[in-house]
Amino acid sequence: MKQLFIASLCLCFFSAQLKAQPKKSGAIQFESTFDPAAMAAANGIKLSDEALARMPKSSVTNFELLFNATNASYVPVDEQEDSNNSGGGNGAGPGPGMGGGMRFGGFGGGNKEYYYSFADHKLTEVFDLNDTTFFMQDKLGEFPRVAFGPDQGVPEVEYIKSDEVRKILGFTCNKVVVKTKVKRRIMDEDKEITDQTTVWYTDDLGFDFSPNPALWSSGAVLAIEGKATHMFAKSIEYRKVSLKDVSLPKKGTVITQDEFHEKMEQRRKLMRANRNNAKGQVRAITIN
């Protein structure tokens, strides 16, 4: 009888331990809402009434984070809409983060994918350019230099932690405010643009992740609130996720940040040349 009692206690103890441990495999659905007019205003760009009338008031893009014990993938899903029913384009405009027209993290457009390797803290961005799939290494919490053109500086970033907490999908999330200051040349005028974004992250999932890799580097970010973009995790499902689903595609060309920066500079030069064409003829832009 005594042995049976001890065995029962042990079973209860191990069951409690199992329940306390975070589940290591599943899918989280994210939704990103983007207001292009608010983004333009936040970046010091004044739009005409005609441009505002043509512009959708908001657009929505959905993303999915698949994760297991070692890896994760973050990709857009084919459900997007905007308030003018125009098809959404890139969905949430800059994607799941902050910054208009800037390429930091998922904010470069809806067609990018991100792959995380937890053991070595590697983050790889996968994107298509001129019918070629590229793999480029990124870092959590870092604004890549290639995000900015010759008329833009890299932002000064300040992280302000808060004691405020919020429950998201049952996880306790901590608040951090990200303040940025950047100098830009807009319409031949030098301006200093300041911005503030609120990030909610949790340590309960046991890995580091952010829908916008430039914002935050510790814990898993489940919500981002900016002037023009609101992004949040809306559901979670625990299930088996194969390594194939969270690993890089088999085919792709590795590109460095500097190489990509050079390609973008070439692209900008060709675009400027097209605009300055006296006859107004549009030439095809091809970057190899």
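D131 is exposed, because its relative accessible area of 84% is over the 50% cut-off. This is a predicted model, so read every value I give as computed from that prediction. D131 sits in the loop between β5 and β6. Its phi is positive, about 65°, although D131 is not a glycine.

N130 is in that loop between β5 and β6 as well. Phi of N130 is near 50°, again a positive value in a residue other than glycine. As for accessibility, N130 has a relative accessible area of 32%, so it counts as partly exposed.

Now the strands on either side of that turn. β5 and β6 form a hairpin with 2 residues between them. The two strands pair in the antiparallel sense, over 7 bridges, with β6 running over residues 132–138. If you want one bridge to look at, take L123, whose partner in β6 is D138.

On its other side in sequence, β5 pairs with β4. That pairing is antiparallel too, over 5 bridges. Here Y115 has T124 in β5 as its bridge partner. How many residues lie between the strands in the hairpin of β4 and β5? There are 4, and in this hairpin H121 takes a positive phi near 55°. As for β5 itself, 6 of its 8 residues are buried, and the strand is mostly covered.

H121 brings me to the second largest pocket. This pocket holds about 180 Å³ of space. It is lined by 13 residues, and the closest to its centre are S117, F118, H121, L140 and D208. Which strands come into the lining? β4, residues 113–117, and β5, residues 122–129, each supply at least two residues of it. By character, the lining of the second largest pocket divides into 5 nonpolar, 4 polar and 4 charged residues.

Next, the aromatic residues. The count for this model is 11 aromatic pairs. I will go through two of them, both with F30.

Take F30 with Y74. The ring centres are 5.6 Å apart and the planes are at 80°, so this pair is edge-to-face. F30 is in strand β1, residues 26–34, and Y74 is in strand β3, residues 71–82; the two are 44 residues apart, and the pair links distant parts of the chain. Are these two residues buried or exposed? F30 has a relative accessible area of 0%, so it is buried. Y74 is at 1% relative accessibility, and therefore counts as buried.

The other pair is F30 with F209. This one is tilted, at 5.8 Å centre to centre and 55° between the planes. F209 is in the loop between β9, residues 189–202, and β10, residues 220–225, while F30 is in β1, so the pair ties together parts that are 179 residues apart in sequence. F209 is buried, as is F30.

These rings belong to a cluster. F30, F63, Y74, Y116 and F209 are linked into it by ring pairs.

F30 has one further long-range neighbour to mention. A233 is 203 residues away from F30 in sequence, yet their C-alpha atoms are 4.3 Å apart.

That leads to the nonpolar cores. Which residues have the most contacts inside the largest nonpolar core? They are F30, Y74 and L222, in a core of 33 residues. Strands that each supply at least two residues of this core are β1, β2 (59–67), β3, β4, β8 (171–186), β9, β10 and β11 (229–238). β10 gives the largest share, 5 residues.

Apart from this core lies another one, of 7 residues, and F127, F134, I255 and M264 are among them.

To recap in the order of the talk. The turn between β5 and β6 carries a positive phi at N130 and at D131. β5 pairs in the antiparallel sense with β4 and with β6. H121, from the hairpin of β4 and β5, is one of the residues closest to the centre of the second largest pocket. F30 pairs with Y74 edge-to-face and with F209 in a tilted arrangement, and F30 is also among the residues with the most contacts inside the largest nonpolar core.

Conventions
Residues are numbered from 1 along each chain as its sequence is written. This is a predicted model: local features need pLDDT of at least 70, side-chain atom pairs count only at pLDDT 80 or more; totals for chains, interfaces and linings use all residues. Side-chain values use heavy atoms; hydrogens and water are left out. On a 1 Å grid over the protein atoms alone, a cavity is a set of points where a 1.4 Å probe fits but cannot get out, and a pocket is an open set with protein on both sides within 12 Å along at least five of seven lines; lining residues have an atom within 4 Å of a point. Grid points are joined across faces, edges and corners, and a volume is the space filled by probe spheres set on the points. Ala, Val, Leu, Ile, Met, Phe, Trp, Tyr, Cys and Pro count as nonpolar, Asp, Glu, Lys and Arg as charged, and the others, Gly among them, as polar. Buried means under 20% relative accessible area, exposed over 50%, partly exposed in between (1.4 Å probe, protein chains only). Two strands pair if DSSP finds at least two bridges between them. Rings of Phe, Tyr and Trp (its six-membered ring) pair if their centres lie within 6.5 Å; planes under 30 degrees apart count as stacked, over 60 as edge-to-face and the rest as tilted. A nonpolar core is a set of buried Ala, Val, Leu, Ile, Met, Phe, Trp, Tyr and Cys residues joined through side-chain atoms within 4.5 Å.
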